[in-house]
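Here are some notes on the model you sent, set out as numbered points. Please read them with the sequence and the coordinates open.

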Amino acid sequence: MENAIDLKFAALADPVRRGILARLARGEATVRELQAPFGISQPAISRHLKLLEQAGLIEGGRAAQSRPRRLKPDGLDEARQWLDGLRTLWCDSFDRLDDFLGQSPQSSASGDPMP
Amino acid sequence: MTDTPRFTTSRRFAAPLPRVWAAWTDPDQLAAWFGPKGTAGSILAYDLRPGGEWRGRMEGPDGSVMFSKFVFREIERERRLVWVHGFADAEGNRARAPFAALFPLELLTTVLFSAAGDETLVELSWEPIDASPEECAFFAEMMASMTGGWAGSFDQLDEFLVG
């Protein structure tokens, strides 16, 4: 579902929302607890939380009164996969190139007979 | 710190230089190996000349799609390839990495090829172009943990994302 991934990336594009995720990575937090360190209004925090929730990155906890939010397991998997892929791009590619060179004796395009 | 971070890696391949060069410069061969593990890649354009573009499409294991655009700067047969490396939108316009806002927009990629007996040494470097100090720091930190057991940790991912 490309749409769901677009939502995640759009949600991650904002520094406040990335900050909220970093905070929630240390444990669940209520709107009030999140509001203090970011110094923005409660409606603004709620709006960010709504976007993060729609993107499937966070979820509400069971305590109905304060509705603490926490990270959704696997919520960041796509972003993590891409970032990880970029980090290991050359290592991965070199491994695959090694295999490729080992497999195809001489370029089939050239049609040269094997020595 | 005004120094531009530079990521370097090298590998010795058990194949003669002309063959390794062909694997990098023949798009059919290139498509067989280039790209992160777990992604399916295809080459949309490959124009091997200064100013020419190598554009690709990558599909992640979850079906999400990314586009890349590399623009060649220097081509010296069986010696050297230099290109400007970056992401793109589906139309081939330069775009930021959608999953990491602080990843530098463009990286200069330099690949050096040299024969070492029957084998071939490939040396590659990656460095940000015109990047902000924050982008340079993000790139340096991200690439420094190349071999770390990072994949399982939410905390570290969040640090990367927050930059």
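1. Which residues in α6(A) meet which residues in α1(B)? In this predicted model, L97(A), F100(A) and L101(A) are the residues from α6(A), and they meet R19(B), V20(B) and A23(B) in α1(B). Sorted by character, the residues of this contact comprise five nonpolar, no polar and one charged.

2. On the geometry of the helix pair, α6 of chain A spans residues 89-103 and α1 of chain B spans residues 17-25, and the two pack at an angle of about 120° with their axes 11 Å apart. Because of that angle, α6(A) is described as oblique to α1(B), and the crossing of α6(A) and α1(B) is right-handed.

3. Turning to a loop of chain A, G56(A) sits between α4 (42-54) and β1 (58-60). G56(A) has 18 C-beta neighbours inside 10 Å and therefore counts as partly exposed, since a buried residue would need 20 or more and an exposed one 12 or fewer. Although G56(A) and K72(A) are separated by 16 residues in sequence, their C-alpha atoms are 6.9 Å apart in space.

4. In chain B, strand β2 (residues 40-46) pairs with strand β3 (residues 53-59) in the antiparallel sense, over six bridges. Y46(B) has W54(B), in β3(B), as its bridge partner. The hairpin of β2(B) and β3(B) has six residues between the strands, and G51(B) in this hairpin takes a positive phi near 90°.

Technical notes: Residues numbered from 1 in each chain as written. Chains lettered and ligands numbered in written order. Predicted model: local features only at pLDDT ≥ 70, side-chain atom pairs only at ≥ 80, totals over all residues. Axes fitted to C-alpha atoms, helices over the stretch in contact; angles between N-to-C directions. Helix = DSSP H or I, 4+ residues; strand = E, 2+ residues; numbered from the N terminus. Parallel < 35°, antiparallel > 145°, perpendicular 65-115°, else oblique. Left-handed = near helix turned anticlockwise from the far one by under 90°. Contact = placed C-beta atoms within 7 Å. Nonpolar A, V, L, I, M, F, W, Y, C, P; charged D, E, K, R; others polar. Pairing = 2+ DSSP bridges.
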